[in-house]
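Visitor: I would like to learn how to read a protein model, going from the whole chain down to single residues. Could you take me through this one?

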Amino acid sequence: MAQFPQTPPGPPPYQGAPLTQAYPGQPAPVGSAHPSQPAPAGPVYAGQPAQPAPAGPAYGGQPASAGPAYAAQPAPAYANAPAPEEPQTPPVQVPALDDLKDELARSSQKSHFTNAWRNAAFAIIAVAAVAVLVSMLFVPVLRIFGNSMTPTLKEGSTVLAFKTTDLKQGDIVAFYYNNKVLVKRVIAGPGSWVDIDKEGRVTVNSVKLDEPYVAELALGECDIELPYQVPENRYFVMGDHRSTSIDSRSSTIGCVSPDQLVGRVTASIWPPDTFGLVS
């Protein structure tokens, strides 16, 4: 009878490993290796050399197998990179005392200039408002159209009229007629007698008038009966340009009542060469 070789005594099997026995011609069972023993490399048959153990993790008592070499690799570049520099805050510059004084002076001057312009604008607006109010209530501003008052007042002239009903012979007056304003000269007052000859010479209460303001005498458009007595509370008016003016010599215009009066023309303000009092 054949005898099996007895397995020499060895260290106790690893706790938890199954207890098996190898027979001739059969591979040794693979089990968990004891920490003090090397792990079997693979099936071992009788009469065959043992196979080398595959590379793998090293256990106690075994040499370390070849694996990824981490320790021999160079460190990443950023490991030796210098630390980023912190941003530097620029130094605070304190202006000099003289610069502050100059800036304060400029600001003060600008403020004074602005206040001066504002005050001037307010003054202009106030003056304009007062002028409009005065012109509406006391001194109307009129513009001359036509040539019935030449050479005293030319067409396009701007004149001032002072509101009053106290008129005398020779005054230039503005009055309303059919929604228009006419400008004429007072020739005679209420109750006076007016007579005009064919040459255009005017007589008032039998007194011949001296009229240096008339450039050319003429009877003009006259359809009233001469001599003519001025009605009560009326004024007889005529234009200085006697040949073209339509005035109290015509029954169309007639005499002027105080209710029609705009005012007495006292001054010419435009054009500049005619600036001054009007007479």
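Guide: Burial is a good place to begin: in this predicted model, buried residues account for 24% of the 279 residues in the protein chain. The accessible surface of the chain comes to about 20,300 Å², and 59% of that surface belongs to carbon and sulfur atoms.

Visitor: Which elements does the protein chain have, and in what order do they run from the N terminus?

Guide: The chain has one helix and 11 strands, and, read from the N terminus, the helix precedes the strands. As for contacts between residues at least 6 apart in sequence, 54% join residues at least 24 apart.

Visitor: How should I read a sheet, and which strands stand at the edges of the open sheet of four strands?

Guide: Strands of a sheet pair through backbone hydrogen bonds, in either a parallel or an antiparallel sense. Here an open sheet of four strands has the order 7-6-5-8, with antiparallel pairing. Strand 7 (207-208) and strand 8 (228-229) stand at the edges, and because each has a single partner strand, one side of each is left without a neighbour in the sheet. Strand 7 pairs with strand 6 (residues 202-204) over two bridges, in the antiparallel sense, and Thr203 stands opposite Lys208 in strand 7.

Visitor: Which residues make the nonpolar surface patch, and is Val141 buried, partly exposed or exposed?

Guide: Val141, Ile269, Trp270 and Phe275 make a nonpolar surface patch of about 430 Å². Val141, which lies in strand 1 (residues 141-143), counts as partly exposed because its relative accessibility is 46%, between the 20% and 50% cut-offs.

Notes. Residues numbered from 1 in each chain as written. Predicted model: local features only at pLDDT ≥ 70, side-chain atom pairs only at ≥ 80, totals over all residues. Heavy atoms only, no water. Patch = residues over 30% accessible without salt bridge, like charges linked within 9 Å, V, L, I, M, F, W, Y side chains within 5 Å. Areas by Shrake-Rupley, 256 points an atom, 1.4 Å probe, with all protein chains shown as cover. Salt bridge = Lys/Arg side-chain N within 4 Å of Asp/Glu carboxyl O. Buried < 20%, exposed > 50% of the residue type's maximum accessible area, 1.4 Å probe, protein only. Pairing = 2+ DSSP bridges. Contact = heavy atoms within 4.5 Å.
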